[in-house]
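Please read the following report with the sequence and the structure side by side. Each section takes up one part of the fold and follows the residues that belong to it.

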Amino acid sequence: MASVKLKSTDELNVMRESGRLLAMVFDYLDGFIEIGISTMDINDLAERYITDQLDARPASKGQYGYQYVLNSSVNQVVCHGVPSATQKLKSGDIINVDITLEKDGFIADSSKMYMVGNVSPLAKRLVDKTYEAMWQGIRKVKPGATLGDVGHAIQSYAEKHGYSVVREYCGHGIGREMHEEPQVLHYGHPEKGLVLKEGMVFTIEPMINQGKAKIKVKKDGWTVVTSDKKLSAQWEHTVAVTSDGYEVLTLRTEERV
């Protein structure tokens with residue numbers, strides 16, 4: 001518990017603004033992600049918008065030696081897909097766009113799935129069920145709950161619908177650093193693990209596979225793909241533990257109901 005940094009009211013206000021700006025980036029990209037655009041074009045659009053329009057910093061660029069502002073993970077890519085000028089989206093593709101943004105010293109992290117053109121019913125089902133699996137986890141967040149409660153909610157929902165949960169990658173605490181304690185697993189047992197307290201801020205970002213959970217990393221050292229070449233989907237939000245529940249700091253326009 002000592003290594004988990006609880007955020008003060010003032011710090012949370014700054015993180016709330018970082019999250020609001022990051023949600024605006026996705027609103028902006030919504031108008032461009034369509035058949036024919038390259039994943040590098042998406043990267044460049046996001047970078048210009050973050051730096052020029054929002055006066056913020058794309059926090060992923062330069063982190064761990066990574067050269068780009070986002071990950072673009074298409075179809076069987078689980079996570080950490082690298083933008084490419086030659087990879088152009090085509091009808092039927094599903095793509096996860098994962099972006100981090102830093103404003104006034106604090107970072108927000110979020111990702112969204114896009115379905116391009118005429119997507120198959122099986123692909124759409126995976127995207128939709130992964131989104132709901134994320135929310136199953138988010139809804140468990142409150143003081144006194146555990147990270148095991150969160151992980152179990154995600155795992156049980158995904159497996160109930162015939163999918164598998166990637167275990168090698170997880171959510172994480174976030175604040176002044178992109179990756180802080182705790183690690184937030186997307187599987188687990190109820191009432192086990194770290195007890196949640198007001199002021200904790202972390203990401204919930206399940207990677208759900210259509211087939212088996214097994215993955216492999218490609219030769220570029222970044223791109224993670226499903227071993228069986230079946231589809232994978234992921235959604236992510238930055239979530240704060242409040243006095244009586246949770247607040248999603250990166251909530252997007254279409255999610256505000």
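## Strand β3 and its partners

Serine 73 has asparagine 96 as its bridge partner in β3, and this pair belongs to the contact between β3 and strand β1 (residues 70-74), where 5 bridges join two strands that run antiparallel. The model described here is a predicted one. Strand β3 itself covers residues 94-103, and it also pairs with strand β4 (residues 106-115), in the antiparallel sense and over 10 bridges. Within that second pairing, isoleucine 94 stands opposite methionine 115 of β4.

In a regular strand the side chains alternate between the two faces of the sheet. In β3, Ile94, Asn96, Asp98, Thr100 and Glu102 point one way, while Ile95, Val97, Ile99, Leu101 and Lys103 point the other way, and all of them are buried. The strand is accordingly described as mostly covered, with 10 of its 10 residues buried.

## A buried aspartate

How far from aspartate 98 is the nearest side chain of opposite charge? That side chain belongs to arginine 252 and is 9.1 Å away, and aspartate 98, although buried, has no salt bridge. Aspartate 98 has its place in strand β3, and, when its neighbours within four places in sequence are left aside, it is in contact with Val69, Leu70, Asn71, Asp109, Ser110, Ser111 and Glu236.

## Turns and backbone exceptions

Strands β3 and β4 form a hairpin with 2 residues between them, and aspartate 104 lies in its turn. This residue has a positive phi of about 55° although it is not a glycine. Aspartate 104 is exposed, because its relative accessible area of 60% lies over the 50% cut-off for that class.

Histidine 80, in the loop between β2 and β3, likewise has a positive phi, of about 65°, although it is not a glycine. Histidine 80 counts as partly exposed, with a relative accessible area of 26%. A further backbone feature is found at the peptide bond from glutamate 181 to proline 182, which is cis, with omega near 5°; proline 182 lies in strand β7 (residues 180-184).

## Helix α3

Helix α3 (residues 121-138) has 18 residues and reaches 26 Å from its first C-alpha to its last, which is close to the 26 Å expected at 1.5 Å a residue. An α-helix has 3.6 residues a turn, so residues three or four places apart point the same way. The buried residues of α3 are Ala123, Leu126, Val127, Thr130, Ala133, Met134, Trp135, Gly137 and Ile138.

Is valine 127, a residue of α3, buried or exposed? Valine 127 is buried because its relative accessible area of 1% is under the 20% cut-off. Not counting residues up to four places away in sequence, valine 127 touches Ile94, Met113, Met115, Ala233 and Trp235. Among these contacts are isoleucine 94 and methionine 115, the two residues that stand opposite each other in the pairing of β3 with β4. Leucine 89, by comparison, is 38 residues from valine 127 in sequence and 17 Å from it in space, C-alpha to C-alpha.

## Helix α4

Helix α4 (residues 147-160) has 14 residues and reaches 20 Å from its first C-alpha to its last, close to the 20 Å expected at 1.5 Å a residue. Since 10 of its 14 residues are buried, α4 is largely enclosed by the rest of the structure. These buried residues are Leu147, Gly148, Asp149, Val150, Gly151, Ala153, Ile154, Gln155, Tyr157 and Ala158.

What covers the buried residues of α4? The covering elements include helix α3 together with the strands β5 (164-165), β7, β8 (201-204) and β9 (207-209). Helix α4 is followed by glycine 162, whose phi is positive, near 90°.

## A three-stranded open sheet

Strands of a sheet pair through backbone hydrogen bonds, either parallel or antiparallel. Here 3 strands form an open sheet in the order β2-β11-β10, and their pairing is antiparallel. The edge strands are β2 (77-79) and β10 (215-217), each of which pairs on one side only, and the twist averages 40° from one strand to the next.

Strand β10 is joined to strand β11 (residues 224-226) by 3 bridges, and the two run antiparallel. In this pairing, lysine 216 stands opposite valine 225 of β11.

Methods:
Residues are numbered from 1 along each chain as its sequence is written. This is a predicted model: local features need pLDDT of at least 70, side-chain atom pairs count only at pLDDT 80 or more; totals for chains, interfaces and linings use all residues. Side-chain values use heavy atoms; hydrogens and water are left out. Two strands pair if DSSP finds at least two bridges between them. Helices (H or I, at least four residues) and strands (E, at least two) are DSSP runs, numbered from the N terminus. Axes are lines fitted to C-alpha atoms, for helices over the stretch in contact, and angles run from 0 to 180 degrees between N-to-C directions. Buried means under 20% relative accessible area, exposed over 50%, partly exposed in between (1.4 Å probe, protein chains only). Lys and Arg count as positive and Asp and Glu as negative; His and the chain ends are not counted. A salt bridge is a side-chain nitrogen of Lys or Arg within 4 Å of a carboxyl oxygen of Asp or Glu. Contact means heavy atoms within 4.5 Å. The expected span of a helix is 1.5 Å times one less than its number of residues.
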